[in-house]
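Welcome to a short set of exercises on a ligand site. Have your viewer ready, try each task, and then read the solution.

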Amino acid sequence: MSATFTLTDPSTGRGFRDMPRATASEVDAVIARAVEVQRAWAGAAPLVRADALRRFARVVEDHVEELAQLEVLNSGHPIESARWEASHVAQVLNFYAGAPERLSGQQIPVAGGLDVTFHEPYGVVGIIVPWNFPMTIASWGFAPALAAGNAVVLKPAELTPLTAVRIGELAVEAGLPEGLFAVVTGSGSVVGQRFVEHPDVRKVVFTGSTEVGVEVAAGCARGLKPVTLELGGKSANIVFDDADLEKAAAAAPGAVFDNAGQDCCARSRILVQRSVYDRFLELLEPAVRDWRVGEPTLETTQMGPLISAAHRDTVAGFLDGADVAFRGTAPEGDGFWFAPAVVLAEPGDRIAQDEIFGPVVAVLPFDDEEDGIRLANDTVYGLAGSIWTENLGRAMRVSRAVKSGVLSVNSHSSVRYWTPFGGMKASGLGRELGPDAAEHFTETKNVFFATDAS
Ligand code: TAP
């Protein structure tokens, strides 16, 4: 393995920068520094940590445009999406800046003394993130982890390290102690693996494929360290015959083609009640044709290229022998472009079961409510999903019956940092974001103080 990795602009296919690949001993040195710095950080007054995170948030806010431009170059995200992502990082930091003063323990009634609990930070937390949303996903880990008094070592995906590296620099500019939040570039099998194995990394947060996630979890089990896993998805967009079909069809492309379908929450299966199946497809076709795929620097662009040539080949492979109903458009040229595709599928088809992570959606009919729920749950995954119906009782029943961690009714709600996020089944373990996330980066300690005079 060479000592550097060349980054490629997905919209041109051209390499533009070499990034260093850290060795295991370099990772160890970063972790050793984090161990040292964490002690002082955890010992600082809650207000000091809160203020430091607020400053960090403000500095990120001041660099939203720079971070967004880096994401356009490195990941091919449309500029408007990239601006949203960079602002989101600042908002996540701001939200968890409120946590240090709120990490209260309990006082539990006992005889002969006082019993109290403390939320102790783990120490050093290792965060491993994928290439699809490099900034946002990283912030879901590092912001609450830092707020709870931990140091963080972050490994971005090798394909997309630029925004993470810049955010690491901004943390220092904002006054966070050097080494408290360290971004280490390199491969998963070296840097990520070292986070999993190193005895001083006391918790791991992994976002990525289910396959690698299982290995990470097994490694963490050997070190008896907790792990949060955010993995793949094959989420259902369930459209009942009593839904506002126009609205459901108009919203469907964004729910699966946003970020070129490289979204763990992509509603990549549209399940449509048989009685409105033909009508829904009629409405969907113009919505897909109108989906604007193009140059990511343009503010009008809704979808950019896929992340790499290899990934485009994988996505294209799913269309071999598939019953493609219609497609959207995409530019020609050297970028990793792929026109969105709508495929008519049967429940057992590979295209209806496997995560594609590209702009391909499978449409399947169902008969009634029970059948719709059965089909929605007919996957190993359980991350997200949407339910379209005007019947409140049905919306309640179906949202309770679908085994997914994040559902929305009559919308495809995106992530809100103040509500919990995470998957069931093969989509993950544990939850991120929401009001309790900082607590997830602590261990409860119970202390009994005897008050008996004798
Ligand atoms: P992976 O190949 O699993 O990679 C994810 C991260 O893990 C990368 O940083 C990768 O490093 C690293 N890694 C690879 N092997 C490792 C090992 N043995 N030990 C430790 N770390 C290792 O996933 P991907 O292809 O980048 O991302 C796509 C997948 O992520 C999809 O399945 C998608 O659904 C899932 N995803 C899930 C969510 C949530 S929130 N549930 C969000 C986004 C993405 P490299 O730099 O070497 O690749």
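**Exercise 1.** Which atom type of the ligand does a polar side-chain atom of Glu355 approach, and at what distance?

*Solution.* Keep in mind that this is a predicted model. Start at Glu355: its polar side-chain atom lies 2.6 Å from an oxygen atom of the ligand. With a cut-off of 3.5 Å between N or O atoms, this pair counts as a polar contact. Next, take the ligand as a whole: alone it exposes 920 Å², and the protein buries 85% of that.

**Exercise 2.** Find the distances from Trp131 and Gly208 to ligand oxygen atoms.

*Solution.* For Trp131, use a polar side-chain atom, which lies 3.2 Å from a ligand oxygen. For Gly208, turn to the backbone: an N or O atom there lies 3.2 Å from an oxygen atom of the ligand.

**Exercise 3.** Describe the shell around the ligand by residue count and class.

*Solution.* First count the surrounding residues: there are 28, with Val129, Glu158, Ser209, Leu231 and Glu355 the closest. Then sort by class, which gives 15 nonpolar, nine polar and four charged residues.

**Exercise 4.** Where does the ligand lie with respect to the domains, and why?

*Solution.* Begin with the elements: α7 (188-197), β8 (201-207) and α8 (210-222) each supply at least two shell residues. Of the contributions, that of α7 is the greatest, at three residues. Now check the domains: the ligand lies between domain 1 (3-231 + 427-448) and domain 2 (236-416), because both give residues to its shell. Finally, look at the pockets: the space the ligand takes is the largest one.

Conventions:
Residues are numbered from 1 along each chain as its sequence is written. This is a predicted model: local features need pLDDT of at least 70, side-chain atom pairs count only at pLDDT 80 or more; totals for chains, interfaces and linings use all residues. Side-chain values use heavy atoms; hydrogens and water are left out. A residue is near a molecule or strand if one of its heavy atoms lies within 4 Å of it. A polar contact is a pair of N or O atoms within 3.5 Å; within protein, one must be able to donate a hydrogen and the other to accept it, and residues adjacent in sequence count only if both atoms are side-chain atoms. Accessible areas come from the Shrake-Rupley method with a 1.4 Å probe; for residues, only the protein chains shown count as cover. On a 1 Å grid over the protein atoms alone, a cavity is a set of points where a 1.4 Å probe fits but cannot get out, and a pocket is an open set with protein on both sides within 12 Å along at least five of seven lines; lining residues have an atom within 4 Å of a point. A molecule sits in a cavity or pocket if more than half of its atoms lie within 2 Å of its grid points. Helices (H or I, at least four residues) and strands (E, at least two) are DSSP runs, numbered from the N terminus. Ala, Val, Leu, Ile, Met, Phe, Trp, Tyr, Cys and Pro count as nonpolar, Asp, Glu, Lys and Arg as charged, and the others, Gly among them, as polar. Domain bounds come from an automatic or database domain assignment.
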